[in-house]
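Please open the model in your viewer and keep the sequence beside it, so that each residue named below can be selected in turn.

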Amino acid sequence: MGLNFKMIAATAVALLPALMPLPASALDDAQKKEMGDFIREYLMENPEIMLEVQDALQQKQDAARLEKSAAAVTTNKDTIFQSSHDLAIGNPKGDVTVVEFFDYNCGYCRRAHPDMEAVLEKDKNIRYVLKEFPILGPDSLAAHKVSDAVRKLAPEKYGDFFRAMMTSGERADEASAIAIAAGLGMTEEAIRAKMAESPNEQSVQETYALATSLGITGTPSYVIGNEMVPGAVGSAAIEDKVGNVRSCGKATC
């Protein structure tokens, strides 16, 4: 053994994870111990290598996530972007669509709402699709049922209803949602009649199934171009992805 073996070990460590390790059967016990001792010593003296390995792993995982996300978006693109259950605000004829999965009781959604409003204020060519995704309990489901009735009764007021709900300091439930709708000129009787006549079970089930296909487990989550974007990422990140869609046809160029 000696120097040559140590040089080989050093090279293997420096190139991790690009090189596959030697199979254990190729080394005897003494060689395994020397290899292990040397690797430990080398890493202690060169800990930055672990950061390089971590970065490489993150890049690999990100690439795999993007590939999986793009495939899922392509498979479900009609349901994502053109579902009859959803309405678009912003510019309904915009050249780039941003889809948001949201729950009226999601604190992150409410905090992220001004970010999306800022994006829409700056960019008048974004089509913003609201994908109602009630996942935070019975109150959320009840509020979304009222929202669905508003969308069907007065689609021209749906954007105002959505904004009022997202900026309300109250917990969203049936009563608070009806009160907001009433403030926009709809009667409780008409809302309840529409809820009874046309419940939104099909809409909710479609969104739940879609979220499962896309790997969405929380709100807010966005779909921009060919990519699912989880979390309250901020206005700058949304603007960057919209710009990428315009320049290269993908959310990440």
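Which residue lies over the face of Tyr108? Select Tyr108 together with Arg111, and you will find that Arg111 lies over the face of the Tyr108 ring, at 4.9 Å from the ring centre. Please keep in mind throughout that this is a predicted model.

The next stops are pairs of aromatic rings. A pair of this kind is described by the distance of the centres and the angle of the planes. The count for this structure comes to eight aromatic pairs. Select Phe38 and Tyr42, whose ring centres are 5.9 Å apart and whose planes meet at 40°, so that this pair is tilted, given that angles under 30 degrees count as stacked and those over 60 as edge-to-face. If you then show helix H2, which covers residues 29-45, you will see that it holds both Phe38 and Tyr42, four residues apart, or about one turn of the helix. Both Phe38 and Tyr42 are buried.

Now move on to Tyr128 and Phe162, where the ring centres lie 6.3 Å apart and the planes stand at 75°, so the pair is edge-to-face. Tyr128 belongs to strand E3 (residues 126-132) and Phe162 to helix H7 (residues 158-167), and the pair therefore ties together parts that are 34 residues apart in sequence. Tyr128 is buried, with a relative accessible area of 2%, and Phe162 also counts as buried, at 1% relative accessibility.

To finish, keep Tyr128 and Phe162 selected and add Phe102, Tyr104 and Phe161, since ring pairs link these five residues into a cluster.

Key: Residues numbered from 1 in each chain as written. Predicted model: local features only at pLDDT ≥ 70, side-chain atom pairs only at ≥ 80, totals over all residues. Heavy atoms only, no water. Phe/Tyr/Trp six-rings, centres within 6.5 Å; stacked < 30°, edge-to-face > 60°. Helix = DSSP H or I, 4+ residues; strand = E, 2+ residues; numbered from the N terminus. Buried < 20%, exposed > 50% of the residue type's maximum accessible area, 1.4 Å probe, protein only. Lys NZ or Arg CZ within 6 Å of the ring centre and 35° of its normal.
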